[in-house]
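Visitor: I have a protein chain to look at, and I would like to go through it step by step. Please show it to me.

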Amino acid sequence: MAEIALCPECGNMRPVFDQCPHCGSTEAPSLSADTIEINLKQGQPLVEDALENLTHHLRRSIDLGIKAIVLIHGYGSGGEGGQIKRAVHQALENNRYSDRVDEYYFGEQVPYGSSAYQLLVKRRPGLKSYLQQFKMGNPGITILLLRPYDRSA
Ligand SMILES: [Zn+2]
C-alpha cells in the first residue's frame, strides 16, 4: 500500500496517525488514498495491546475518512503473529468491532480471482493492485471495510 499522508501545516510527508515529526502539528493529515495499511505486529506487542491498538486506530481512521484498512497480523502456529491473528479473527467474529467495521475479509479467503476477491475489489477498487500480488491469498492479513461515519449517532 502506498498511501501518502501530508502535513496540512508544513506540507511534509508524515505518518497517518502520529503528530507531524517535522513541525509537531496534530492536525489531520491529507491522505492520497482512502485505504491504509496497519501493521499490528510492529513492535511485537502483546495480543491485548495489539487489539487495543486496533480499537484506537479504527476510531481515528473513521475520523480521517478512511474507508478500508489492510491489517497485517502475521500468521503461524506459534509466536505472537499467530496469536494476534487468532485474536483478531475472534474479535471480528464476536462483533467486537461491529460498530466500526462493516465487513471483513480474511486474507486467505480472497486469493486473486476468487469470487470473494471479485466482490471485494468491486466494493473497493483501490485494493485491486494490492491484492493481485497474492495469487494464493495471504493468511497474514485481514481486510476491513469501515462503516461510514454516522453523524446522527
Ligand atoms: Zn508538519
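The questions below go from the domains to the core and then to single residues.

Visitor: Before we start, what kind of model is this, and how are residues numbered?
Guide: Residues are numbered from 1 along each chain as its sequence is written. This is a predicted model, in which local features need pLDDT of at least 70, side-chain atom pairs count only at pLDDT 80 or more, and totals for chains, interfaces and linings use all residues.

Visitor: How far apart do the C-alpha centres of domain 1 and domain 2 lie?
Guide: The chain is divided into domain 1 (1-32) and domain 2 (34-146); such bounds come from an automatic or database domain assignment. The C-alpha centres of the two domains are separated by 23 Å.

Visitor: Which class supplies 5 residues on the side of domain 1 that touches domain 2?
Guide: Two residues are in contact if their C-beta atoms, placed from the backbone, lie within 7 Å. By that rule, 6 residues of domain 1 are in contact with 8 residues of domain 2. On the domain 1 side there are no polar residues and 1 charged residue, and the other 5 are nonpolar. Here Asp, Glu, Lys and Arg count as charged, the residues outside the two named lists, Gly among them, as polar, and Ala, Val, Leu, Ile, Met, Phe, Trp, Tyr, Cys and Pro as nonpolar.

Visitor: Which element gives the most residues to the largest nonpolar core?
Guide: A nonpolar core is a set of buried Ala, Val, Leu, Ile, Met, Phe, Trp, Tyr and Cys residues joined through C-beta atoms within 7 Å. The largest has 26 residues, and Leu 40, Ile 69, Leu 71, Ile 143 and Leu 144 have the most contacts inside it. Elements giving two or more residues include helix H1 (47-63), strand S4 (68-72) and strand S6 (141-146); helices (H or I, at least four residues) and strands (E, at least two) are DSSP runs numbered from the N terminus. The one that gives the most, with 5 residues, is S4.

Visitor: On how wide an arc do the buried residues of H1 lie, and what is that arc?
Guide: A residue is buried if 20 or more other C-beta atoms lie within 10 Å of its own, exposed if 12 or fewer, and partly exposed in between, with C-beta atoms placed from the backbone. In H1, Ala 50, Leu 54, Leu 58 and Ser 61 are buried, while the face turned away from them carries the exposed Glu 48, Glu 52, His 56, Arg 59 and Asp 63. The arc is that of the directions from the helix axis to the C-beta atoms. The buried residues are on the same side of H1 because they cover an arc of only 85°.

Visitor: Which residues does Leu 58 touch, not counting those up to four places away in sequence?
Guide: Leu 58 is found in helix H1. Leu 58 is buried, because 21 other C-beta atoms lie within 10 Å. With sequence neighbours up to four places away set aside, Leu 58 touches Tyr 97, Arg 100 and Val 101.

Visitor: Is Gln 44 buried or exposed?
Guide: Gln 44 is found in the loop between S3 and H1. Gln 44 has a positive phi of about 45° although it is not a glycine. With 11 other C-beta atoms within 10 Å, Gln 44 is exposed.
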